[in-house]
Amino acid sequence: MATDFSKNAKEQPEPCQAEVKGSIPSWLQGTLLRNGPGIFSVGDTSYDHWFDGMAIMTSFAFKDGEVTHRSRFLRGDTYKANMAANRIVVSEMGTMAYPDPSKNFIVKAITFLNHTVPDFTDNGASNFIKYGNDYYATSETNYIRKIDPVTLETQDKVDYMKYLPLNLASSHPHYDKEGNAYNMGTSIAEKGKTKYMLFKVPAASEKDKGKDVPALKNVEVICTVPCRSLLTPSYFHSFGMTDNYFIFIEQPIKLDILKMATAYMRGVNWASCLKFCPEENTLIHLIDRKTGKEVETKYYTGAMVVYHHVNAFEDDGHVIFDVIAYNDNSLYDMFYLSKLKNNPGFHDDSYSKPSYKRFALPVQSDKGTAVGEDLVKLKYTTASALKEKEGKLMCQAEVLCEGFELPRMNYDLNGKRHRFVYGNIVEESALSRQIGKFDTETKRMVYWNEDNCWPSEPVFIPRPNGESEDDGVVLTCVINSNPGQSGFILLLDGKTFKEVARAYVNTSLHKDMHGFFIPQGN
């Protein structure tokens, strides 16, 4: 059965007991937050793109073998403005909002000026970020929205620009064992320069305890990387981190800033100002975490588009990093709502399925090695790095598998060598009907699926003091389009990938993007 991804969700703000089948492990205590678009039409107006929908946040609280579910819309400025006007009045990446035709010239002129130097949306429908002790709903603009992780109520609006000159920021930060967060953003034409900025938001300090101050006030810039061109910065969605390095991929999918400034006037959306340049190489920046400087060697690979890093680690003078890579930028177009509605089977001939790629970057100097020599000396990967000239290496990845997206792993191994990755199977379409557990050593995949079910990104939760990397459970929200059945949260054994339990919610679930698990006590 097909499911309608453009249907407005209904929120359920009061906690509701889910019906558990099976046995939830007693050690699983905490809350899984999920975030994604939930409102696609307001009054007579509709969004054009699925990513643009107004955010709905969902939580599943696990306590003593029981599950409580609730959901709320993110009530930010975008939500309030749209609802007050009973039409979409705030533009999103794939949908331009035009004034009511009955409005006068002055309103139209102001709307035009607001789009020339765009003030972006605070519709944080992509993920959740933890800075200090606070949780934020986030997309990729300069605005994030503080939320209450228990009640899901919307709180303060926070503007990165008050603390850093950032126009865009990733919704996939990294965290270390001390609770420090590391993130990355783009600063456009600030003092005549466009650059990428890596920053650290320190863990909550004792002196700030009990004070209502954003953790971002203590932000530290780790380094800046100049952009290849002033007015066409590279788009990125995530980055990699090891104990000693950051990995940033400057890929040839670019935001044309001048086109963005004139998009409204030309009657096109901002997404049309993203251009893919297949003739250009991809630059791989390796940044030393201690010095904040790039290593001397320049690393390149062919044109590719990466949204999600899997993990990165160091081994014997190499930095190895895994990514999910596409050959082009057609993925975005798959999610136009007109395309989703007109294609109930979700098969698309233009779909370019992603590859799980492993790159290996030799960190040692290439002095004394011949041009054309492969500097990768690891036995367990076929990834290569050929010397092109002094200080320049052309890298080729090993493809570990294909048709795999939204990768998650045991985050306790973030920055360390991992073996297992959990993700969505996207062989036929970007809309996933099954999830898998991938073994990077044997290259074997184990699957879970059920008829007429659509599982979300799987999130691995390690068992406290677990004995192995995959000792834990995998949580996934499942849209269930079987007649008379409700959606459920599914628990799979991290080792066997067999069902442990499921908890049915008495409301319909909806397709979402990313999730964040908060252990009890945090």
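This dialogue explains how to read several features of the predicted model shown above.

Reader: What should I examine to learn how the chain is built and how far it extends?

Author: One begins with the secondary structure and then turns to the overall dimensions. In this predicted model, the chain contains five helices and 38 strands. Its C-alpha atoms fill a box of roughly 70 × 60 × 55 Å along the principal axes.

Reader: What does the radius of gyration of the chain agree with?

Author: The value is set beside the one expected for a compact globule. For 522 residues such a globule would have a radius of gyration near 24 Å, and the chain has 23 Å, so the two agree.

Reader: How many of the 522 residues count as buried, as a percentage?

Author: Burial is judged by relative accessible area, with under 20% taken as buried. By that rule, 59% of the 522 residues are buried. The chain exposes about 21,800 Å², and carbon and sulfur atoms supply 50% of that area.

Reader: What share of the contacts joins residues 24 or more positions apart?

Author: Here one considers contacts with a sequence separation of 6 or more. In this chain, residues 24 or more positions apart account for 61% of them.

Reader: Where does Phe 488 lie, and what is it in contact with?

Author: One places the residue in its element, and then considers its cover and its partners. Phe 488 lies in strand β36, which covers residues 488-493. Its relative accessible area is 0%, and therefore Phe 488 counts as buried. Leaving aside neighbours within four places in sequence, the contacts of Phe 488 include Trp 448, Glu 450 and Cys 453. Thr 476, Cys 477, Val 478 and Asn 480 are also among them, as are Arg 502, Ala 503, Tyr 504 and Leu 509. As for distance, Phe 488 and Gln 520 are 32 residues apart in sequence and 21 Å apart in space, from C-alpha to C-alpha.

Reader: How many positive and negative side chains does the chain have, and how many salt bridges does the structure hold?

Author: One may count the charges first and then consider how they pair. The chain has 59 positive and 66 negative side chains, and the centres of the two sets lie 3 Å apart. The structure holds 25 salt bridges.

Reader: Which residue forms a salt bridge with Arg 34, and are the two buried or exposed?

Author: The partner of Arg 34 is Glu 457, with the closest N and O atoms 2.8 Å apart. This pair links distant parts of the chain, 423 residues apart: Arg 34 is in strand β3 (residues 30-39), and Glu 457 is in the loop between β33 (453-455) and β34 (459-462). Both Arg 34 and Glu 457 are buried.

Reader: Which residue forms a salt bridge with Glu 280?

Author: Glu 280 pairs with Arg 228, the closest N and O atoms being 3.9 Å apart. These two residues also belong to distant parts of the chain, 52 residues apart: Glu 280 is in the loop between β20 (274-276) and β21 (282-288), and Arg 228 is in the loop between β16 (220-226) and β17 (240-241). Glu 280 has a relative accessible area of 23%, so it is partly exposed. Arg 228 is likewise partly exposed, at 37%.

Reader: Which residue forms a salt bridge with Glu 398, and which residues are joined into one network?

Author: Glu 398 forms a salt bridge with Lys 443, and their closest N and O atoms are 3.9 Å apart. The pair is 45 residues apart, with Glu 398 in strand β28 (residues 398-402) and Lys 443 in the loop between β31 (434-439) and β32 (445-449). Glu 398 is buried, with a relative accessible area of 9%, whereas Lys 443 is partly exposed at 35%. Salt bridges that share partners join Arg 34, Arg 408, Glu 457 and Asp 512 into one network.

Reader: Which residues have a positive phi although they are not glycines?

Author: One notes the angle and then the surroundings. Asp 64 has a positive phi of about 50°, and Phe 497 has one of about 65°. Asp 64 lies in the loop between β6 (54-63) and β7 (66-73), while Phe 497 lies in the loop between β36 and β37 (499-504). Asp 64 is exposed, with a relative accessible area of 58%; Phe 497 is buried, at 3%.

Terms used
Residues are numbered from 1 along each chain as its sequence is written. This is a predicted model: local features need pLDDT of at least 70, side-chain atom pairs count only at pLDDT 80 or more; totals for chains, interfaces and linings use all residues. Side-chain values use heavy atoms; hydrogens and water are left out. Helices (H or I, at least four residues) and strands (E, at least two) are DSSP runs, numbered from the N terminus. The radius of gyration is taken over C-alpha atoms; the globule rule is 2.2 Å times the number of residues to the power 0.38. Buried means under 20% relative accessible area, exposed over 50%, partly exposed in between (1.4 Å probe, protein chains only). Contact means heavy atoms within 4.5 Å. Accessible areas come from the Shrake-Rupley method with a 1.4 Å probe; for residues, only the protein chains shown count as cover. Lys and Arg count as positive and Asp and Glu as negative; His and the chain ends are not counted. The place of a charge is taken as NZ of Lys, CZ of Arg, CG of Asp or CD of Glu. A salt bridge is a side-chain nitrogen of Lys or Arg within 4 Å of a carboxyl oxygen of Asp or Glu.
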